[in-house]
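The exercises below are meant to be worked through with the sequence and the model side by side. Try each task before reading its solution.

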Amino acid sequence: MAPPKKDTQALTLRLETQVIEKIDELRRAETDIPTRPEMIRRMLERYMAQIG
């Protein structure tokens with residue numbers, strides 16, 4: 001695994017099991033099946049692109 005980018009910060013997040021299961025469903029729909037943290041990053045990037 002590559003070292004984290006220098007301009008990042010760690011974030012600990014607790015989610016309900018149902019939310020994690022939905023994230024896992026979305027991960028499986030991606031062609032490369034990203035990790036949970038990567039899927040959450042993608043979700044956030046997509047959301048932020050939508051709101052401008």
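**Exercise 1.** Which residue's side chain meets that of Asp24 in a salt bridge, and what is the N to O distance? Work out where the two partners lie and how accessible each of them is.

*Solution.* The model is a predicted one, and every distance here is computed from its atoms. Step one is to find the partner: the side chain of Asp24 meets that of Arg36 in a salt bridge, with 2.8 Å from N to O. Step two is to place the pair, which links distant parts of the chain, since Asp24 belongs to helix α1 and Arg36 to helix α2, twelve residues apart. Step three is to classify the two residues: Asp24 has a relative accessible area of 11%, and because buried means under 20%, Asp24 counts as buried. Arg36, with a relative accessible area of 41%, is partly exposed.

**Exercise 2.** Is Arg27 buried or exposed? Describe the surroundings of its side chain.

*Solution.* Begin with the location, which is helix α1, spanning residues 17-29. The relative accessible area of Arg27 is 18%, so this residue is buried. Next, list the contacts: leaving aside neighbours within four places in sequence, Arg27 touches Ile33, Pro34, Thr35, Arg36 and Met39. A polar atom of the Arg27 side chain lies 2.6 Å from the backbone oxygen of Pro34. Finally, consider Ile33, one of these contacts, which is placed in the loop between α1 and α2. Ile33 is partly exposed at a relative accessible area of 49%, and its phi is near 45 degrees, a positive value in a residue other than glycine.

**Exercise 3.** What is the reach of helix α2 from its first C-alpha to its last? Follow the helix from its start to the residue just after it.

*Solution.* Helix α2 covers residues 36-51, 16 residues that reach 23 Å between the first and last C-alpha, close to the 22 Å expected at 1.5 Å a residue. At the start of α2, a side-chain oxygen of Thr35 comes to within 3.1 Å of the backbone nitrogen of Glu38. Further along, Ile51 also lies in α2, and Ile51 counts as exposed because its relative accessibility is 57%. Just after α2, Gly52 adopts a positive phi of about 85 degrees.

**Exercise 4.** How many residues apart are Glu38 and Arg41 in helix α2? Relate this spacing to their salt bridge, and compare a pair in helix α1.

*Solution.* Start from the general geometry: an α-helix has 3.6 residues a turn, so residues three or four places apart point the same way. Glu38 and Arg41 are three residues apart in helix α2, so about one helical turn separates them. The closest N and O atoms of their salt bridge are 3.0 Å apart. Glu38 counts as partly exposed at 25% relative accessibility, and Arg41 counts as partly exposed at 44%. Through salt bridges that share partners, Glu30, Asp32, Glu38, Arg41, Arg42 and Arg46 are joined into one network. Turning to helix α1, Lys22 and Glu25 both lie there, three residues apart, about one turn of the helix, and their side chains meet in a salt bridge of 3.6 Å, N to O.

**Exercise 5.** Which residues form a nonpolar patch on the surface?

*Solution.* The patch consists of Leu11, Leu13, Leu15 and Val19, with about 380 Å² of accessible area together. Taking one member as a check, Leu11 lies in the segment before α1 and is exposed, at a relative accessible area of 74%.

Key. Residues numbered from 1 in each chain as written. Predicted model: local features only at pLDDT ≥ 70, side-chain atom pairs only at ≥ 80, totals over all residues. Heavy atoms only, no water. Helix = DSSP H or I, 4+ residues; strand = E, 2+ residues; numbered from the N terminus. Buried < 20%, exposed > 50% of the residue type's maximum accessible area, 1.4 Å probe, protein only. Polar contact = N/O pair within 3.5 Å; in protein donor to acceptor, adjacent residues only side chain to side chain. Contact = heavy atoms within 4.5 Å. Patch = residues over 30% accessible without salt bridge, like charges linked within 9 Å, V, L, I, M, F, W, Y side chains within 5 Å. Areas by Shrake-Rupley, 256 points an atom, 1.4 Å probe, with all protein chains shown as cover. Salt bridge = Lys/Arg side-chain N within 4 Å of Asp/Glu carboxyl O. Expected span 1.5 Å × (residues − 1).
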